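Here is a protein chain to look at with fresh eyes. Take a moment to turn it around before reading on.

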Amino acid sequence: MRRFGRTLVTAALAVAVVGGTAGWASGESQSAVTGPPPGTAAWRADTAYGRALPDPATATPHEVARFLAGLDDAARSALVRNHPLVVGNLDGAPVPLRYEANRLAVVATGEARYASLSAPGRRILAFDPRGRGQVAEVFGDLEHAAHVSVIVPGSDNDATSHDARRAPHTGPAGMARALRTATETPAAGGSVATGSVAGGSVAVIAWTGYTTPVGVGLDAADGRLAAAGAPRLARFTAGLDAVGAPDPVLFCHSYGSVVCGLAARHTDAADIVALGSPGMRADTADDLRTGARVWAGRGPSDWIADVPNVSFAGIGHGADPTSAAFGARRVPAADVRGHAGYFTPGTQSLAAFAAIAKGEAR
C-alpha cells in the first residue's frame, strides 16, 4: 500500500513537470490535428486525364509516387494549382511539387502569421493551417542529399513558432540550421568516434508535423498527442523513402522523443536520437522494436532530469533513455546548458549529432 501511495505521488509530480521547451508553466489542453489535409474532398472528386486521384487517407506514399510519376508536367502543375493544400502534404509527391504547392497554400491563407513561410528560398515540405498550424521545412538539398536528418521537436511548437525569434539554435528551424551547419564543419575530436565514411551532403528537415503540447500540463504528461503524432511521423518518413531519400536520422527533443518512441517500429530510420527526453514509452531500446541505432543524451542542467521516469494510469513516459538499463548509445552532453541547448555550436552534443547525421558515428 505504501508503494502504491508513492507511485501516485510520483505520477502527480509527472503531471506537473513533463513538457518541452517552455519550462515551468501551466499547460492548455490541445485537440490533435489528424486525418488527411484540408481540401481532400475536392481532390477525391477530381481526376487526372480521367483517372481517379490517389486518396490521401488510404493510398501509400509509394502508390502516390507511382501515380504522379505517370502524369505529365501539365497534369501535375494543374493539381498543384487546384489542390495546393493536398499536394503540399501528399507524402510521396515529388519534392519540388510540394515546395510550390505549399508556397501557394501559405499565400492562400492570407494570414500574416504564416507570411514568412512563403518567402523566396524557403523550402516548405508540408503545411497545414488547421489548429495552431503544422509545418515541415527543409534546409539543404533534399533531392540530392546523401544523408537526411529530421528534427522532431517537443512542446510549444507550431507553424507560427517554428522559426520564431528565440534563443539561437533552439526551436525546430534553429536546431535544423545548427545541425546542417555543423555537418559542413570538420568535427572536433572527442565527441563520437568516426570512421572513414565521407559525410557527403546532408539535408535537415525541421518537422513540426503534429500537435504539440502547450506549456507543462496533462497533455505533456500523457501520451495522447504523441499517439496522434506518431502515425504522421511514420507516414512522413515513408514519403521520404517513396521519393528516394536516404533512411533518415530522427533527432527527437523532449516530448518529441515520446512521438519517436511510438513511431520507431513503423519508420525506416537509420538512427533515433533522444535528447532531453522524459521517456520514450518503452522500458528498453529493444522494446522500441526498431532496426535503427538508438542514442540518448541529457545535459547536467536539463530540468527534464527532475521528471519522474514512471508510467502509471497513462501518465508519464517510462524509463530514462540515458540510463544504462535502457541500453541506448550515449551522446556526450556534459557541456550542454539547460533543456534547449543541445544544438549550441561548440558543444559535444552538436559535434556528436553531426557525426551521426553524416553516418560517421559508430
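What follows is a short walk through the chain, from the overall picture down to a single residue.

**The big picture**

First things first: this is a predicted model. The mean pLDDT of the chain is 90, and 88% of the residues reach 70 or more. Two stretches do stand out for their scores, though. Over residues 1-25, pLDDT stays under 50, and residues 188-200 stay under 50 as well. Where pLDDT is low, the predicted coordinates should not be read in detail. The model does show 56 contacts beyond four places in sequence for residues 1-25 and 27 for residues 188-200, but take those with a pinch of salt.

The chain has eleven helices and ten strands. Out of its 362 residues, 55% count as buried. If you take the contacts with a separation of 6 or more, 70% of them are between residues 24 or more positions apart.

**A strand covered on both faces**

Now find strand S5, which covers residues 147-152. How many of its residues are buried? Six of six, so to speak a full house. On one side sit His147, Ser149 and Ile151, on the other Val148, Val150 and Val152, and both faces are covered.

S5 also has strand partners, and here they are side by side:

| Partner of S5 | Residues | Bridges to S5 | Direction | One bridge pair |
|---|---|---|---|---|
| S6 | 202-208 | five | parallel | Val148 with Ala203 |
| S7 | 249-253 | four | parallel | Ser149 with Val249 |

**A helix tucked inside**

Next up is helix H7, running over residues 171-183. From its first C-alpha to its last, this helix of 13 residues reaches 18 Å, close to the 18 Å expected at 1.5 Å a residue. Why can we call H7 largely enclosed by the rest of the structure? Because ten of its 13 residues are buried. Among them are Gly171, Pro172, Met175, Leu179 and Thr183. What covers the buried residues includes S5, S6 and S7, which you have already met, along with strand S4 (134-139) and helix H11 (348-357).

**One disulfide**

How many disulfides does a search of the whole structure find? One. It joins Cys252 to Cys260, with the sulfurs 2.1 Å apart. Both of these cysteines are buried. The torsion about their S-S bond is about -90°, so this disulfide is left-handed.

**Zooming in on Thr211**

Let's finish with a single residue. Thr211 sits in the loop between S6 and helix H8 (218-221). Is Thr211 buried or exposed? Its relative accessibility is 11%, and buried means under 20%, so Thr211 counts as buried.

What does its side chain reach? The backbone nitrogen of Val33 is 2.9 Å from the side chain of Thr211. The Thr211 side chain also makes a polar contact with the side chain of Gln134, at 3.4 Å. Leaving aside neighbours within four places in sequence, Thr211 is in contact with Gln30, Ser31, Ala32, Val33, Arg132, Gln134 and Leu225. Try picking these residues out around Thr211 in the structure, and you can see for yourself what surrounds this spot in the loop.

How values were computed: Residues are numbered from 1 along each chain as its sequence is written. This is a predicted model: local features need pLDDT of at least 70, side-chain atom pairs count only at pLDDT 80 or more; totals for chains, interfaces and linings use all residues. Side-chain values use heavy atoms; hydrogens and water are left out. Buried means under 20% relative accessible area, exposed over 50%, partly exposed in between (1.4 Å probe, protein chains only). Helices (H or I, at least four residues) and strands (E, at least two) are DSSP runs, numbered from the N terminus. Two strands pair if DSSP finds at least two bridges between them. pLDDT is the predictor's confidence in each residue, from 0 to 100. Contact means heavy atoms within 4.5 Å. A disulfide is a pair of cysteine sulfur atoms within 2.5 Å. The expected span of a helix is 1.5 Å times one less than its number of residues. A polar contact is a pair of N or O atoms within 3.5 Å; within protein, one must be able to donate a hydrogen and the other to accept it, and residues adjacent in sequence count only if both atoms are side-chain atoms.
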